[in-house]
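Trainee: I'd like to zoom in on one part of this model and see how it fits with the rest. Can you walk me through it?

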Amino acid sequence: MGRRLLLAWYLLCMVPLIAVAAPGRDPFNYFFNDTFGNFNATLLASGWGDLDSAGIPTYTWGINFAEATDRQNIFPSLAVICADCTGRAVPYAASQAGAAVRSATRNRPFMILLAATTLAVMAIQIPTVLIRFLAKYWVHDENAAARWLIAYFAGSMISYPFWFRITIRFEKKPAYVIAMLVNAMCSLGFLLCTPDDRVALAALMGLSGFSAIGIWVTQMAASADVIEWDEERTGRRQEGAYGGLMSMAIKIAVAISMGLVGPLMSWIGYVPGAKELPASAGNDLRMLFAIAPALLYVLSALVFMRYPITRDSHPQ
């Protein structure tokens with residue numbers, strides 16, 4: 001039954017698609033040639049010797065080192081910890097990774113985007129860590145954190161169409177800068193509120209969530225630009241390398257933010273496990289919650305204002 005369904009899918013979907021996308025190619029032989037390969041992701045490596053002896057390339061889950069060693073047709077996925085069996089691939093992989101990193105560091109639009117994103121993630125992460133402390137020690141209502149998060153996520157969910165339109169109409173740079181500045185104003189808005197201003201606080205969190213999506217919509221749109229900018233100059237598509245570097249930068253930003261919050265909390269007078277804090281410490285916590293992210297948002301906007309790719313320059 002499964003084979004019949006697969007054949008029906010191929011005949012009804014893939015054959016017409018190949019006929020349109022690859023005219024002149026035989027659609028029935030489009031995916032088949034004289035080279036045969038095997039993918040093996042099982043826990044047991046039985047049969048690898050026969051496959052290797054038959055000269056069949058076998059791409060495997062690289063956890064069975066003994067069965068892969070000295071077999072030229074067995075290609076484990078974990079080349080780094082399986083250096084004996086894929087040693088021939090390690091220098092090539094390392095050279096490719098090094099070339100990709102060097103290419104990325106020479107990509108000025110990407111480095112600007114990387115720096116701006118890193119600062120934005122730090123700005124988002126600091127209040128994420130502090131929100132429960134602010135609810136407990138400034139508002140004196142631990143449930144307030146849950147209400148704020150609901151407002152934040154509600155604002156986020158309804159904002160996608162808005163930011164898509166803004167990004168298309170005004171381009172990525174203005175949209176990103178607007179999102180940063182609105183986030184900064186929302187953060188500073190906490191300085192104008194008191195613990196009794198529940199509606200105003202929830203509104204600020206909702207607007208902050210609304211504007212936060214603008215960061216990610218424009219950031220992801222700009223990511224495509226910087227990859228194409230690199231391809232134009234190097235002739236290679238390196239999405240994987242750029243995605244990996246961006247992911248690593250985001251993780252580092254989160255780690256730095258969380259590492260900074262502890263000393264800053266001690267500096268304002270926080271005592272771990274305390275049921276109450278002095279009023280001055282609670283107010284200092286509010287200032288930390290508001291001012292630190294606002295400064296980072298503004299810095300991120302200033303960095304991204306140097307982003308050089310525009311609608312006019314992109315075709316060039």
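Trainee: Let's take Ile-252: what does this residue count as in terms of relative accessibility, and why?

Mentor: Before I start, keep in mind that this is a predicted model. Ile-252 counts as partly exposed, because its relative accessibility is 43%. That label covers the range between the cut-offs, since buried means under 20% and exposed means over 50%. The residue is in helix 9, and it's part of a nonpolar patch on the surface together with Met-248, Ile-256, Leu-260, Leu-264 and Trp-267. Taken together, the patch members have about 610 Å² of accessible area.

Now stay in helix 9 and look at Ser-257, which is also found there. Ser-257 counts as buried because its relative accessibility is 0%. Leaving out residues up to four places away in sequence, Ser-257 touches Met-122, Gln-125 and Ile-126. Look at Gln-125 in particular: 132 residues separate Ser-257 from Gln-125 in sequence, yet their C-alpha atoms are 6.3 Å apart. The side chain of Ser-257 also has a partner along the chain, with one of its polar atoms lying 2.8 Å from the backbone oxygen of Ala-253.

From there, move on to the nonpolar core. In soluble globular proteins, nonpolar side chains tend to be buried together. Here the largest nonpolar core has 69 residues, and those touching the most other members are Phe-110, Leu-130, Trp-148, Phe-190 and Ile-215. Helix 9 (239–268) is among the helices that supply at least two residues each, along with helix 5 (108–137), helix 6 (143–170), helix 7 (172–189), helix 8 (198–234) and helix 10 (279–304). Helix 5 contributes the most, at 17 residues. Pick out Leu-130 for a closer view: apart from neighbours within four places in sequence, Leu-130 is in contact with Val-261, Met-265, Leu-285, Leu-288 and Phe-289.

Next, the charged pairs. How many salt bridges does the structure hold? There are three. Start with Asp-141, whose side chain meets that of Arg-147 in a salt bridge, 2.7 Å from N to O. Asp-141 is buried, because its relative accessible area is 14%, while Arg-147 counts as partly exposed at 37% relative accessibility. Arg-147 is in helix 6, and once neighbours within four places in sequence are set aside, Arg-147 has contacts with Asp-141 and Arg-198. For a rough idea of where Arg-147 sits relative to Ala-135, the two are 12 residues apart in sequence and 10.0 Å apart from C-alpha to C-alpha.

Arg-198 also pairs with Asp-141: their side chains form a salt bridge, at 3.8 Å from N to O. This pair links distant parts of the chain, as Arg-198 is in helix 8 and Asp-141 is in the loop between helix 5 and helix 6, with their positions 57 residues apart in sequence. With a relative accessible area of 51%, Arg-198 is exposed.

The remaining pair to look at is Asp-225 and Lys-172, whose side chains meet in a salt bridge at 3.1 Å, N to O. Asp-225 lies in helix 8 and Lys-172 in helix 7, so this bridge ties together parts that are 53 residues apart in sequence. Asp-225 is buried, with a relative accessible area of 7%, whereas Lys-172 counts as partly exposed at 22% relative accessibility. Going back to the Asp-141 bridges, shared partners join Asp-141, Arg-147 and Arg-198 into one network.

Lys-172 also leads us to a last stop, Thr-218 in helix 8. Not counting residues up to four places away in sequence, Thr-218 touches Lys-172 as well as Thr-167, Ala-175 and Tyr-176. Thr-218 is buried, because its relative accessible area is 0%. A polar atom of the Thr-218 side chain lies 2.6 Å from the backbone oxygen of Gly-214.

So, back to where you came in: Ile-252 is partly exposed because its relative accessibility is 43%, and it belongs to the nonpolar surface patch. On helix 9 you can set that against Ser-257, buried at 0% relative accessibility.

Key
Residues numbered from 1 in each chain as written. Predicted model: local features only at pLDDT ≥ 70, side-chain atom pairs only at ≥ 80, totals over all residues. Heavy atoms only, no water. Core = buried A, V, L, I, M, F, W, Y, C linked by side-chain atoms within 4.5 Å. Buried < 20%, exposed > 50% of the residue type's maximum accessible area, 1.4 Å probe, protein only. Helix = DSSP H or I, 4+ residues; strand = E, 2+ residues; numbered from the N terminus. Contact = heavy atoms within 4.5 Å. Patch = residues over 30% accessible without salt bridge, like charges linked within 9 Å, V, L, I, M, F, W, Y side chains within 5 Å. Areas by Shrake-Rupley, 256 points an atom, 1.4 Å probe, with all protein chains shown as cover. Salt bridge = Lys/Arg side-chain N within 4 Å of Asp/Glu carboxyl O. Polar contact = N/O pair within 3.5 Å; in protein donor to acceptor, adjacent residues only side chain to side chain.
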